[in-house]
Amino acid sequence: MTASLTLSPEAQRVLLHLTGQDPAYPDPWPDGSRLTARDLGHLLPLAYRTPGKGSAAFSMRRLVEDEVRQRQPEFTPESCLALYEALVAGLERRKWADLCLAAGALLRCPDGVPTAELAGPARVLTEFMIAAQRLEAPWALLAVAAVAGMGEVTLLADEPAASLAAAERDLVLSFDPVDRALLSETGPGSFGAPPESPDTWERLAQLPAYAAFARTALESAGERLAAIHAGELPFRADKAFGRAEVETLGRAARLALFRDEPWLPELLGKLLSLVAVAPTQAKTPPSQALLFEIARAAERFPTPEVITALRAARAATRHAGVIKQLDRMIKRAEPGLADRVEVALRMPSLGFGPGGRMEVALGSHQAVIAPGESGEFALTWRQGERPVKSLPAAVRKEHPEEVKRLRELVKQVNRQVSTMTRALEAGFAAESTLPYATWLAQVARHPVAEPVAARLIWEIEHAPGEWQATLGAPEEPGVPEDAQVRLWHPARATTDEVFRWRERITEERVRQPFKQAFREVYLLTPAEEGAALSERFAGHVVDYRRLYALLKTRAWQTPMLGPWDGGVEGEATRELGTRVAGDRWRVALHHEYLHDDPGEYALTGRIRFDRHDGGGWREAPPAEVPPLVFSEAMRDVDLFVAVTSIATDPEWADRGQGRHLDYWRETSFGSLAASGEVRRDALARILPRLAVADRCTLDGRFLVVRGDLRTYKIHLGSGNVLMDPGDVYLCVVPERKTDARLFLPFEDDSRLALILSKALLLARDTEITDESILRQIKG
């Protein structure tokens, strides 16, 4: 074979050491990221044959295998045959064969699968694994068996005839080897297999028989659950479906969500309502496993309808553990809507009229559902033109079912608004756009979406590259239907434009559903411009449990660290996207568990970026990251530090934990991050409107408040307080509740509300009755 002559120079270097032609360790060390997909396909069979440890050949084997696990190798007919022969050769030594790798090669052989040549090795592999009872990868086994021409192989023999898993197996037995291999990609792969092929679900969706099966399987699941609730089938907690059936239904749900089937929302809504609640008073639902599997499917291919249905299931279930898990899964699913702009903003109107208002007459009273100042929908009552403070007794008595329906409707519409809001914000990094006509129908003029859209700044592309910003959705005559619309972001605006929008938002008292006009912008620092990593937020001591919870809330993936969990070091990652470059990006935050401290703390470390180029993830320096992706990633990390740093705990220094006292002092009153700078800008506009405005001034990184007893300096980053004279620390832990009358231009900065509440308290320090605060002030 002369295939080695077509290898890249880097692959030829690896080949020399992998095959023992050069037993010395290479210097410099080969760069695995420079190996092409075909390089990996050629080198992998050789790596699989390489035994032993402690040699240059073994090190090259590990390098090749590591790259294969992260990327998409490509096989020629010759290298595909070489892989099957290598798997056979390794049977005696390993007592096992990686059938996921064998099946995956069938999908990654663009020049055609050499079925006739593979038949012999495939038969050996199949017979060995069946004899050894190694059936942990059933779909891969069926794919390899099909290559061998072994039609008599059957699996899932223990499944009842009525099992949905058995029905799926019977269908797949009619597929050719390559289509069978697609099923192998959908399940957990082996340790050595490459990541799921990027076109797996697209290729599955093109199989009409499997698409039809997906609908039938989900309908059958709904019918079985309905029979359980009707008492026609016995209820057993979490036993409505077997493990294999749950996996089958998970695939069916993923395929239907990927295809965005029009019949799916109604079907899943009914199915989830039945699977989440027992027909008895038992807390455990009929199939907790299926409920979570559908939620995982929603994480992969989210739609507004499935997220709304999951929220409804979460509200209905009685099991506290299920509620907790669904909360986490829904929060991970919602940001994924930003990658599916065509479905993300699709919402039913639910019977609401323009402006999101609905009125229902109930006797002599009217029920009114409408959004309030914050955008959240609420149910109020009127009698004629006179508002009624609470539910009228006559309505409660005469229309109990209608009252119940209206209350549920309020919950449903608020769930929809929450889902849409999260999708819109997540779309910043993806630089999502919509055609003008679609935007008008689904956002600007949609009864439920309009109250949210009216509080956001939008940009319309009137000519190529010429964007004009507008608040809400005023009439725009002459705009073509296909003109693009996107959310305005301060990173794309001039300083003067940002200033004007912040002034207008504050002047008109527009409370935005998330930070937009006052959104932080993070630019590359000189230190980051030529660096491989960012150290901007390294060295912060944070409350680990709070950090872990916040990472999950913001859709970051991370293992639990600690002595009994995932070790003391780890990385939290989040995938981001940009439609401009057509790339996927991933940000990773390294952090270390401080296991020897009293309490549970962590130390933040470097920030790394990876780029997905179709063949896998490759590390990229910060300078190559698109500006919006970089800014949004850094904003998340700044949020984690700002919320979880011990510097934000006003009582931390009093608990006698001296190891990090220097960090606490320095960070509590140190220089401001971008979030603190934006907070100062917001305060500059809010303070003049307060009753205590004449007692408040902004001075650098502090809000200075003049009381009658002392003068106070509130740090704009941590919210901690120093007293003049002498910069004496004042520990103030105000109530968490924010004054509803206090205007804030956005809803997601609790620190701004905290600083304002402290300012209002300390400006009238003679009225303070809390003895613990007074003793410090007068001390």
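Colleague: Where is the kink in α7 centred, and about how many degrees is it?

Modeller: The bend at a residue is the angle between two axes, one fitted to the seven residues ending there and the other to the seven starting there; in α7 a kink of about 35° is centred on Pro121. This is a predicted model, in which local features need pLDDT of at least 70 and side-chain atom pairs count only at pLDDT 80 or more, while totals for chains, interfaces and linings use all residues. Residues are numbered from 1 along each chain as its sequence is written, and side-chain values use heavy atoms, with hydrogens and water left out.

Colleague: What span does helix α7 reach, and which of its residues are buried?

Modeller: Helices are DSSP runs of H or I with at least four residues, numbered from the N terminus, and the expected span is 1.5 Å times one less than the number of residues. Helix α7 (residues 115-131) has 17 residues and reaches 23 Å from first to last C-alpha, close to the expected 24 Å. Buried means under 20% relative accessible area, with exposed over 50% and partly exposed in between, using a 1.4 Å probe and protein chains only; in α7 this holds for Leu118, Pro121, Ala122, Leu125, Thr126 and Met129. These buried residues pack against α4 (77-89), α5 (91-94), α6 (99-107) and α8 (138-148), where contact means heavy atoms within 4.5 Å.

Colleague: How should I read the packing of α9 and α13, and what is their angle?

Modeller: Two packed helices are described by the angle between their axes and the distance between the axes. Axes are lines fitted to C-alpha atoms, for helices over the stretch in contact, and angles run from 0 to 180 degrees between N-to-C directions. Helix α9 (residues 164-172) and helix α13 (residues 243-259) pack at about 60°, with their axes 7 Å apart. That makes α9 oblique to α13, since angles under 35 degrees count as roughly parallel, over 145 as roughly antiparallel, 65 to 115 as roughly perpendicular and the rest as oblique. On the α9 side, Leu164, Ala165 and Glu168 meet Ala244, Glu245, Thr248, Leu249 and Arg251 of α13.

Colleague: Is Glu632 buried or exposed, and which residues does Glu632 contact beyond its neighbours within four places in sequence?

Modeller: Glu632, found in helix α26 (residues 627-644), is buried, with a relative accessible area of 7%. Leaving aside those sequence neighbours, Glu632 is in contact with Phe428, Ala429, His489 and Arg519; the C-alpha atoms of Glu632 and Ala429 are separated by 6.3 Å, although the two residues lie 203 residues apart along the chain.

Methods. Helix = DSSP H or I, 4+ residues; strand = E, 2+ residues; numbered from the N terminus.
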